[in-house]
Amino acid sequence: MQLKFLNFLPLIALAMPAQAQSDAAKAFGARPAVSSVSISPDGTSLAMIEPTAGRGSVVSVLRIGSAEERRQVLASDANPDNLTSCGWPTNDRILCNVYRISTVFGQRTGETRMLGVNADGSNIRMVSARQGDTQLGIALGGGRILDWMGEREDGTVLMDRYYVPEQTTGRMTAQRRQGLGVDRVNTRNLSRSMVEVPRGDAFSYIADGHGTVRIMVTRPTTSMGYGGHRYEYFYRKKGSRDWLPLSSQSVSGIEAKGFQAEAVDSDLDVVYGIDDTPNGRAGVYRISLDGSMRKELVYDRADVDVTDLIQIGRQHRVVGVSWATDRRYSTFFDPELKKLAAALGKALPNAPLVSFVDASADEQKLVLYAGSDIDAGRYYLFDKATKQLGEIMAIKPGLDKYKLSPVKPVGFPASDGQMIPGYLTLPPGSNGKGLPAIVMPHGGPWWRDEWGFDWLAQFFAHQGYAVFQPNFRGSTGFGTDWLGGSGFKSWQKSIGDINDAGRWLVSQGIADRSKLAILGWSYGGYAALQSAVVDPQLYKAIVAIAPVTDIGDLQQEWKSDLSPASLAAMFGDSAIAQSGSPARHADAFVAPVLLFHGDIDRNVSIAESRSMASRLKGKGKSVELVEYRNLDHQLNDSDARAQMLDRADHFLRSALKLPPTQ
């Protein structure tokens, strides 16, 4: 069944040209064999999103303990509807989120809708509020599930909803409210009632897991109509409808100061959230919601930010926190789960990255993920009663026949002496000396690399390259000073660290100076290109996937969403755009460049790559641009990714004068 009945705007599907693919590229570039796993409240069934050929996907329902009882209940060819996640409001009904990129008023934008379907594939209904011809605008979001409302058999949930006013001419019942509110929705018969009156300044709501909204977040607009630079948090006492002030959070660019509420624990009557600690790192706090406003530091570290809550069950109760240093670690507040996590660590010694994905209503059956640097991961089902652990599905089964490479956390000194952390992946069986090497900066830039499986790094290591992923200054997770105002506004520091990573590989004898390349995606693609402006001789080949190429152009793309002050805080002024935009310095390039970009990318317009390619060609430089039709920023298509891997490998081998793969 194709998802063709959604009331989205039409978008013409374009084909992607066929191209031969190597077995390795197919295996490493394949989309995950399962991208979402959820368990029914009674713990008897699983709903999974699985890929179909190319970019499509299906929702399959599996009866636990009976592989024969497997039914496909929804399907999408991803032209343009993509199934992204599913959950169970009742034991026999599933809600699935659908995402697509559409053109609205001449601009590409993302839209979401929520679908309901019975576990047997019947009664498919649009759960998101339908939009009519009389509306004075378009609600792009189809609503988020705030609360699963326990095990109510009628399938009622709490969903947020953006209300759009309707034309009033000739109509006495027109809807006149505007803004974000909350509805109680019956997912079977679609009856709905308003729980929270929509407000124009409302940004989000947080429920307590028992059907009550306890937190509201507002973001007042500026006089120019942009989102303001402050978020206001409000809370309710138990049994009250009055909103009381909780905290304020000021925002400047990507930096936020102040308590950010994340989750409510109704039993403890507290809200958990993130705030800065006296040591300059982010930590987890909780504030009492009984009116006392007692604030308690739950967990922090002196070396890295602690910003991740571990939540479990249908009430999403907070049971611990996690953080990343050289790899990700966790600590649990719940004694039973702490003991269980230790036992799972012993049961899965080769997959130390273990996380809780979902749970039955009584939390006796748990869906887990476990993986490592040499294992893309597997989903497991754990039964507390029987203490049995069974594998549900491997995420990358096609890689089982390949020898993968351990990922080693390492640090190197930047030119100013600052130690920069990163991850080194060497080819299987390599002595780690005199290798062709790739520096691979991460995207974002407000992101960081972590220890674990990375399909890009593993593919190129398999092909014989050393791969180094530096967490340059401008990365998140290491405190405000390390973030330093963003990798765009403070690009000199970020690009300096990235280039120092390449020089360090050479100085250590890991990389052959004549066989050093750089490859990145999104901001990483920007960094790959800008590195050549700063030091044209360092890298002998450049691969940039969906890159930013002109900071000024990116500001123009984002100016409808962010205020001038926010844009300036993130990207700086015109002088920074001039000095920090590789497309404005095409004459500096020496190494050949290979660009990849999807033509419906709404994160970074394909115009950025087209401009880069045009300017390089105009200066007589070596450049190739590969465009993927009807694909967005993630190039979420197995064939496209396999083609990209092969094309990049062939390009690098030619530029670095390496022998072809066997």
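**Helix packing around α5 to α8**

In this predicted model, helices α7 and α8 are roughly antiparallel to each other, because their axes cross at roughly 150 degrees and an angle over 145 degrees counts as roughly antiparallel. Helix α7 covers residues 551-558 and helix α8 residues 564-571, and the two axes come within 11 Å. The crossing of this pair is right-handed. On the α7 side, the contact is made by Ile551, Leu554, Gln555 and Trp558, and on the α8 side by Leu567, Met570 and Phe571. Sorted by character, the residues of this contact comprise six nonpolar and one polar, with no charged residue among them.

A second helix pair is formed by α5 and α6, and here it helps to begin with α5 itself. Helix α5 runs over residues 491-507 and has 17 residues. From first C-alpha to last, α5 reaches 24 Å, close to the 24 Å expected at 1.5 Å a residue. Twelve of the 17 residues are buried, so α5 is largely enclosed by the rest of the structure. The buried set includes the aromatic pair Trp491 and Trp504, and it also takes in Asp497, Asn499 and Asp500. Ile495, Ile498, Leu505 and Val506 are likewise among the buried residues of α5. After the helix comes Gly509, which has a positive phi, near 80 degrees.

The partner helix, α6, spans residues 523-534, and its axis comes within 9 Å of that of α5. The two axes cross at roughly 85 degrees, and α5 and α6 are therefore roughly perpendicular to each other. From α5, the residues Trp491, Ser494, Ile495, Ile498 and Asn499 take part in the contact. They meet Tyr523, Tyr526, Ala527, Gln530, Ser531 and Val534 of α6. This contact divides into seven nonpolar and four polar residues, again with no charged residue. Each of the five α5 residues involved, Trp491, Ser494, Ile495, Ile498 and Asn499, also appears in the list of buried residues of that helix.

Attention can now turn to a loop residue. Gln634 lies in the loop between strand β36 (623-628) and helix α11 (638-655). Its relative accessibility is 42%, and Gln634 therefore counts as partly exposed. With neighbours within four places in sequence left aside, Gln634 is in contact with Trp521 and Arg641. Gln634 and Ser486 are 148 residues apart in sequence, and their C-alpha atoms are 22 Å apart in space.

Notes: Residues numbered from 1 in each chain as written. Predicted model: local features only at pLDDT ≥ 70, side-chain atom pairs only at ≥ 80, totals over all residues. Heavy atoms only, no water. Axes fitted to C-alpha atoms, helices over the stretch in contact; angles between N-to-C directions. Helix = DSSP H or I, 4+ residues; strand = E, 2+ residues; numbered from the N terminus. Parallel < 35°, antiparallel > 145°, perpendicular 65-115°, else oblique. Left-handed = near helix turned anticlockwise from the far one by under 90°. Contact = heavy atoms within 4.5 Å. Nonpolar A, V, L, I, M, F, W, Y, C, P; charged D, E, K, R; others polar. Expected span 1.5 Å × (residues − 1). Buried < 20%, exposed > 50% of the residue type's maximum accessible area, 1.4 Å probe, protein only.
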